[in-house]
Amino acid sequence: MGGRILRIELLRSVAPLAALLIAAAGLFVIYAGNLPEASWMDLVVRQRTLLVLILPLALGAGAWQGIRERRSKVEELFHTTPRPRWRRVLPTAGAMAIAAVATYLVTLAGATGHLQHANGYLPASAGPLIAIGALSMVAAVWVGLAVGALLPSPLTSPMVVVAGFVALTLVPNMIHPTGPGSPGSPGGYLFFPNLQVPDLNEGKVDTGAALHMLTGRANLAQALWLLALAVAGLALHAAARPATRLAALLPIALGAVVAVALLPANLAAAWVDNPHATELTCTTDQPRICIPRAQSHMLDKLRDPAGQALSILDSKLPSAPVAVTVQIDERADDTRPAADTLLLRLELNASDAALTRDRLLARMLEGGGVPLCLSLMGREPTSETTTRYMAARLAVVGWLLDREPPQRGGPEGALAIAALGALRALPADQQRARVTALRDAERGCLTGDRLDLLTGSGTNG
Amino acid sequence: MVRAVSTAETAPTTYGWTIQAEALRVRAGRRMAVDGLDLSVDAGVHGLLGPNGAGKTTLMRSIATVLRPAGGTLTLLGEKVSGRLDLRGIRRQIGYLPQEFGFYRRFTVREFIEYIAWLKEMPAAEIPGAVQRAIERVGLTDRAQDRMKTLSGGMVRRVGIAQAIVNDPAILLLDEPTAGLDPEQRMQFRALLRELGTDTCVVVSTHLVEDVAAACTDVVLIDNGRLVFQGVPADLSAAAGDEAGDGDSAAERGYSAILRRHRDKQVK
Amino acid sequence: MRALALYLRSRAVPATVAVVLGCAVALWALGRTVDHPLARALAAILITLAATTAISHGLAGPDHDLDTTAAIAWPPRRAAHIIVAGAAVLGLLAAAALAGEPMTSIGQLLRNVAGLTGLVAFGAVVLGAARAPLIPVLWTLLVLGSVPEPPARPTYKVIFTWMVQPTDNRTAMLAATAIAVSGILGYAMLGSRR
């Protein structure tokens, strides 16, 4: 019979309407964002940030439901029934919890339309983030139920919505001067379920959330804290006597103590690199491509140009690579690839425009299949050293493809065309030797002007 | 209608009266609204009469276990209602229609009665049948699937009666049940009352003396929190005697005559 | 005078006054403690929202049928009720804002109280007095949750974010005025949905 009552409550309480309204509000805010979320992890974290809006609404829905007995004037009648209060409120609380979890998951599902690559990497570490987000929604509706029952006024519901919003936006800004977005801010910010990835890429290009994860400890602390809030809310709502109500507050203290013990000193210690995201996975068929998991959705676009690049290199240069490895451009370092590997640097969230066959092929063949030596780049990207360096690398692409060197719109373009012309003026075996020399210099990140190496008349010839 | 019968129901009744009050005192706010009331009733339909503020509703609420006695004793189904008693056993056998009957507007009629049946801890298997029977008895079968908020005042009152009888209570308390009912519905309601009264202790609080005269086996008249008169409706009608009292029927004249005599006595 | 006192009590004015006073105190206190300019703007709009939605409580009497059958001309009375309530909220918040270090300009306060009052009135007509806060609360939270900075164009976005626009933005002021006038007129003529 409890199941039957639960069914009635799922239909007749505020739960279904609130779920619809909150999911719609959440999706509105997500789709109002200008740029789509780059990765699953970005979306999952975005939804946790969205809690700032949907948690107060869930709290308000709970309060509205919590006032129902007073609003409907059934208190006297229900008081004469044998079923104790805590048994009476369980189906309602259950229906509200189901609706809260469903709201969270439906919002997430609906938000996937705002995701760049739905087939992108979905790390296992997103699981706890989603589960804890849903748990926070349950905590919100249950705390709302308790507040509604304790303060049964029509004003309670709107006031807790505003108060909840204040608690999630203003309070974090008042606690610490650097706010929740800075890695040095105290780990106590994790008491707030609305997550923000602190800017952990200081000095580097921002990669969003895709390569990070929250430590197990931090997740556990959040989960226990929110569970304590949920349990306290439910107990407070179910309690009939003041003494029991006081006891119902105990889990909050307990949860806070445990969470404080588990939380790290600062947010940088809570957000760590996800080694699984950057780990390479390799294809078993030809061409052999190894790619970080976070970029695995690009694999299909890489296959064709990779095969082509390997065969061109094999036909035109000695000791050519036999496999392609992708490196996340934002995480690039100057580690040189083994001679049998073509190392391709790709931006973590490379746009589809950057992943066309032609552009990929050109990028793979740059410098003879060896990535740029970061140590050789001039201080300024437009300095002459850099321009000459880039021109030499692009001229190699033109030579390998028997075409004009690709144009990137910079001053190196014209230089590359001239260099290719000079190179082609040489005898065929000379051409091959010069390109090989340049490739080998790149493999070792040797110093020296690459354009001279390629076309210089005297010293290197 | 076949239904499972629990052992508690088949056990012989070991108590004397279904409801027994001795020198009962019950507070309503700061006022002692029931003040030294003695009353014993059993199965049957008992019409509770009295002027406004006589303590009718307070008495009903204390029998419904909403209010605890402030003094004296109240014994329900052989159990004394006092401070620490676990009331669940008694409450399973009570049906109560409060004066102000609240309900969940978004529930359907059937869902609401089902919900109350669940609150009364009826065995799950019995609930669907009991709910259907209660709906039929108040004549709401064709509105059973409608939302409560679509019902008229009289229909809401009938839902109130249905929820009160859904658990086949041993004590059925109806506070102003006929308010909002049209004449035909009131006739049907009186018939229902007579039917219930054969094995249930029904207490009906009302201002309508004619309802009492027509449907009750017993009349209880209280004033200022005390019992003034208890007897069969014929006694009430006879009480007027030849006095030219106020009222359009014999029962009404009897009612006002008894009250007048009681008040005269108090003044002396 | 006694009729007025009874009317105010029947419309649950004490609870509303308590909330509005609480909001005024919060406005004053936060004005002295919050430093971050974004947080100050946020606090001001949220407090204004809370105070203004509090008047929803009095927009319907306890008994709808009794009110509709009473032999009183309701439209002017309803208009007076909501205008006086809005003005009282504005006065209290303005006093609190001026007494401390103001978090919001009087012009902004006026615009937001007027616009939000209009939304509350509209909510009462469409959803009933008890659910009326849903509309102003949802609108404001959607704005605060979706736009980090008030957009200067296009016009539809300025209208959507009227409550967070700078005081001198005429489009936002016009939007708030339109909402206030239509909401209050609608409420005066139709009253609260039961």
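Me: What share of the contacts in chain C between residues at least 6 apart in sequence joins residues at least 24 apart?

Reply: The share is 73% of those contacts in chain C. Two residues are in contact if their C-beta atoms, placed from the backbone, lie within 7 Å. The model is predicted: local features need pLDDT of at least 70, side-chain atom pairs count only at pLDDT 80 or more, and totals for chains, interfaces and linings use all residues. Residues are numbered from 1 along each chain as its sequence is written, and chains are lettered from A and ligands numbered from 1 in the order in which they are written.

Me: What makes chain C as compact as a globular protein of its length?

Reply: Start with its make-up: nine helices and zero strands. These are DSSP runs, numbered from the N terminus: helices are H or I with at least four residues, strands are E with at least two. The radius of gyration of chain C is 17 Å, and the globule rule gives 16 Å for 194 residues. The radius is taken over C-alpha atoms; the rule is 2.2 Å times the number of residues to the power 0.38. The two values are close, so chain C is as compact as a globular protein of that length. Its C-alpha trace spans about 50 × 35 × 25 Å along the principal axes.

Me: How do you know that the length of helix H5 of chain C agrees with its number of residues?

Reply: The expected span is 1.5 Å times one less than the number of residues. For the 26 residues of H5(C), 74-99, that gives 38 Å. The end C-alpha atoms are 37 Å apart, which agrees.

Me: Which residues of H5(C) are called buried?

Reply: Among them are C:His81, C:Ala85, C:Val89 and C:Leu93. Buried means that 20 or more other C-beta atoms lie within 10 Å of the residue's own; exposed means 12 or fewer, and partly exposed lies in between, with C-beta atoms placed from the backbone. An α-helix has 3.6 residues a turn, so residues three or four places apart point the same way. The cover over the buried residues of H5(C) includes H2, H3, H6 and H9 of chain C. Over chain C, buried residues make up 46%.

Me: Where does UniProt place the feature "transmembrane region" in chain C?

Reply: The unreviewed UniProt entry puts it at residues 12-31, 38-59, 79-100, 112-134 and 172-190. UniProt positions are in the numbering used here, feature names are shortened, and annotations may be inferred rather than shown by experiment. Residues 79-100 of chain C are 95% helix, with end C-alpha atoms 32 Å apart. Residues 112-134 of chain C are 74% helix, with ends 16 Å apart.

Me: Why is A:Gly26 called buried?

Reply: A:Gly26 has 25 other C-beta atoms within 10 Å, so it meets the cut-off for buried. A:Gly26 lies in helix H2 of chain A. Leaving aside neighbours within four places in sequence, A:Gly26 is in contact with A:Leu50, A:Leu53, A:Ile54 and A:Thr107. A:Ala111 is 85 residues away in sequence but 8.8 Å away in space, C-alpha to C-alpha.

Me: How many residues of chain A are in contact with chain C?

Reply: 20 residues of chain A are in contact with 21 of chain C. H8(A) gives the largest share of the chain A side, ten residues. By class, that side has 17 nonpolar, three polar and no charged residues. Ala, Val, Leu, Ile, Met, Phe, Trp, Tyr, Cys and Pro count as nonpolar, Asp, Glu, Lys and Arg as charged, and the others, Gly among them, as polar.

Me: How many residues of chain B are in contact with chain A?

Reply: 24 residues of chain B are in contact with 16 of chain A. H4(B) gives the most to the chain B side, with four residues. That side divides into 13 nonpolar, two polar and nine charged residues.

Me: What makes H4(B) mostly covered?

Reply: Eleven of its eleven residues are buried. They include B:Phe112, B:Tyr115 and B:Trp118. The cover over H4(B) includes H1, H5 and H6 of chain A together with H5 and H6 of chain B. Just after H4(B), B:Glu121 takes a positive phi of about 55°.
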